[in-house]
Amino acid sequence: MKLSMNRTGLKGVLFILAVLTVLSGIGYHFVKETSLAFVYIAIFYMPTPLYALSIHSLITKENKVLKYIDFSNLSLKKIITPILMFLTWAVIILILTYLLAQFFSEIFSNFITTNEELVLKIEELAGKDAASNANLPPSPLLMIPLALISSIIAGFTINLIFGFTEEILWRGYLWDELKELGLFKYSLLTGFIWGLWHAPLILQGYNYGNENLMLGAIAFIIFCIIFSFVFTIIKVRTESTILCGAFHGMFNAFAGIFIVMLVNGNPFIDGAIGLTSIISIIFIVLLFSYLYKIKFGTN
């Protein structure tokens, strides 16, 4: 089924999103080397999908926001879905990271296993003062199960807010507008828009560093397209944009553990947005689409 070309509402929302994204990306240029960079992204960049939908709602005098803030249809069975999919992804990527490092140590990075290595990593990330004042665990590996628990908690609390400000557009409004294309095409198109939306940040060194900026932007678009299928499964299974936001929040919270715990990690290969994660994501898409009997038809 072809997308109707008279979708003025969809075009309007995407146009506003594009304008806000460009303006926010320009603003990021002036703060990216400061301590305000993270706060700026959290307040001015990441919520631009919500801002775009809200502005369009005010212009058209239509309710395009409150309809997705719906807790009435949540149930324990639905809530378990994103948690189970998150834990499955986490276990797979952790095992895969370990195994690939054992067999291909020249390509894939392994986990930090000693506090001496952990101190050096903290020093690299935050400086000598942070490393000297850090409260170290008995073993760095204990940080992984703690991160899993704290990520689930964060996904349903503070990170839910930030995840939902994105998901209200990707798995909320765009779902309503594009689901008639079929799950496969919807996932591809939404993933592409989602990945492209990150480009102003990535082209300034976010996620992949200041080398190979264009390659980083392309790599993240591919990542988002593949990752989009996970969110489609959650949306179909739970019918909840809020739970898509919870999964988004859990993923973002756990992603940081790879920055701390990997020795000389390469973001294109290792960690939450690298090749090992993509392989893990493909596995859970295949697994849960089978378990939940969700078919991604191409028609």
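# Notebook: helix packing and single residues

**Helix 1.** I began with the buried residues of helix 1 in this predicted model. They are Leu10, Gly12, Val13, Ile16, Leu17, Leu20, Thr21, Ser24, Gly25, Gly27 and Tyr28. I then looked up what covers them, and the cover includes helix 2 (37-45), helix 3 (48-60), helix 8 (158-178), helix 9 (183-197) and helix 10 (199-202). For reading such a list I kept in mind that an α-helix has 3.6 residues a turn, so residues three or four places apart point the same way.

I checked the span of helix 1 next. The helix covers residues 8-29, 22 residues in all, and reaches 32 Å from its first C-alpha to its last, close to the 32 Å expected at 1.5 Å a residue.

**Serine 24.** I picked one residue of helix 1 for a closer look, serine 24. Is serine 24 buried or exposed? Its relative accessible area is 8%, under the 20% cut-off, so I logged serine 24 as buried. Leaving out residues up to four places away in sequence, serine 24 touches Tyr40, Phe44, Tyr45 and Thr48.

**Helix 2.** Tyr40 and Tyr45 also turn up among the buried residues of helix 2. The list there is Ala37, Tyr40, Ile41, Ala42 and Tyr45. I found these buried residues packed against helix 1, helix 3, helix 8, helix 9 and helix 10.

**Helix 11, span and end.** I moved on to helix 11, residues 213-238. It has 26 residues and reaches 36 Å from first C-alpha to last, close to the 38 Å expected at 1.5 Å a residue. What follows helix 11? I found glutamate 239 there, with a positive phi near 55°.

**Helix 11 against helix 8.** I looked up how the two helices meet. Their axes come within 11 Å and cross at roughly 60°. An angle of roughly 60° falls in none of the parallel, antiparallel or perpendicular ranges, so I entered helix 8 and helix 11 as oblique to each other. Helix 8 passes helix 11 in a right-handed crossing. On the helix 8 side the contact is made by Glu167, Arg171 and Trp175, and on the helix 11 side by Ser228, Phe231, Thr232, Lys235 and Val236. Sorted by class, this contact of helix 8 with helix 11 has three nonpolar, two polar and three charged residues.

**Helix 11 against helix 4.** I then did the same for helix 4 (residues 76-103). The axes of helix 4 and helix 11 come within 9 Å and cross at roughly 165°. Angles over 145 degrees count as roughly antiparallel, so helix 4 and helix 11 go down as roughly antiparallel to each other. The crossing of helix 4 and helix 11 is right-handed. Which residues meet here? From helix 4 I listed Lys77, Lys78, Thr81, Pro82 and Met85, and from helix 11 Val230, Ile233, Ile234, Arg237 and Thr238. By class, the contact of helix 4 with helix 11 divides into five nonpolar, two polar and three charged residues.

**Leucine 215.** I checked one more residue of helix 11, leucine 215. Its relative accessible area is 47%, so leucine 215 is partly exposed. I also took its separation from leucine 189: the two are 26 residues apart in sequence and 20 Å apart in space, C-alpha to C-alpha.

**Positive phi in loops.** I noted two asparagines with positive phi.

- Asparagine 207 has a phi of about 75° although it is not a glycine. I placed asparagine 207 in the loop between helix 10 and helix 11. At 31% relative accessibility asparagine 207 counts as partly exposed.
- Asparagine 264 has a phi of about 50° and is likewise not a glycine. I placed asparagine 264 in the loop between helix 12 (241-261) and helix 13. Its relative accessible area is 64%, so asparagine 264 is exposed.

**Threonine 276.** My last entry is threonine 276, found in helix 13 (residues 275-291). At 1% relative accessibility threonine 276 counts as buried. What does threonine 276 touch, not counting residues up to four places away in sequence? I listed Ile93, Leu96, Thr97, Leu100, Phe108, Ile269, Asp270 and Gly271.

Definitions and conventions. Residues are numbered from 1 along each chain as its sequence is written. This is a predicted model: local features need pLDDT of at least 70, side-chain atom pairs count only at pLDDT 80 or more; totals for chains, interfaces and linings use all residues. Side-chain values use heavy atoms; hydrogens and water are left out. Helices (H or I, at least four residues) and strands (E, at least two) are DSSP runs, numbered from the N terminus. The expected span of a helix is 1.5 Å times one less than its number of residues. Buried means under 20% relative accessible area, exposed over 50%, partly exposed in between (1.4 Å probe, protein chains only). Contact means heavy atoms within 4.5 Å. Axes are lines fitted to C-alpha atoms, for helices over the stretch in contact, and angles run from 0 to 180 degrees between N-to-C directions. Angles under 35 degrees count as roughly parallel, over 145 as roughly antiparallel, 65 to 115 as roughly perpendicular and the rest as oblique. A crossing is left-handed if the near helix is turned anticlockwise from the far one by less than a right angle, and right-handed if clockwise. Ala, Val, Leu, Ile, Met, Phe, Trp, Tyr, Cys and Pro count as nonpolar, Asp, Glu, Lys and Arg as charged, and the others, Gly among them, as polar.
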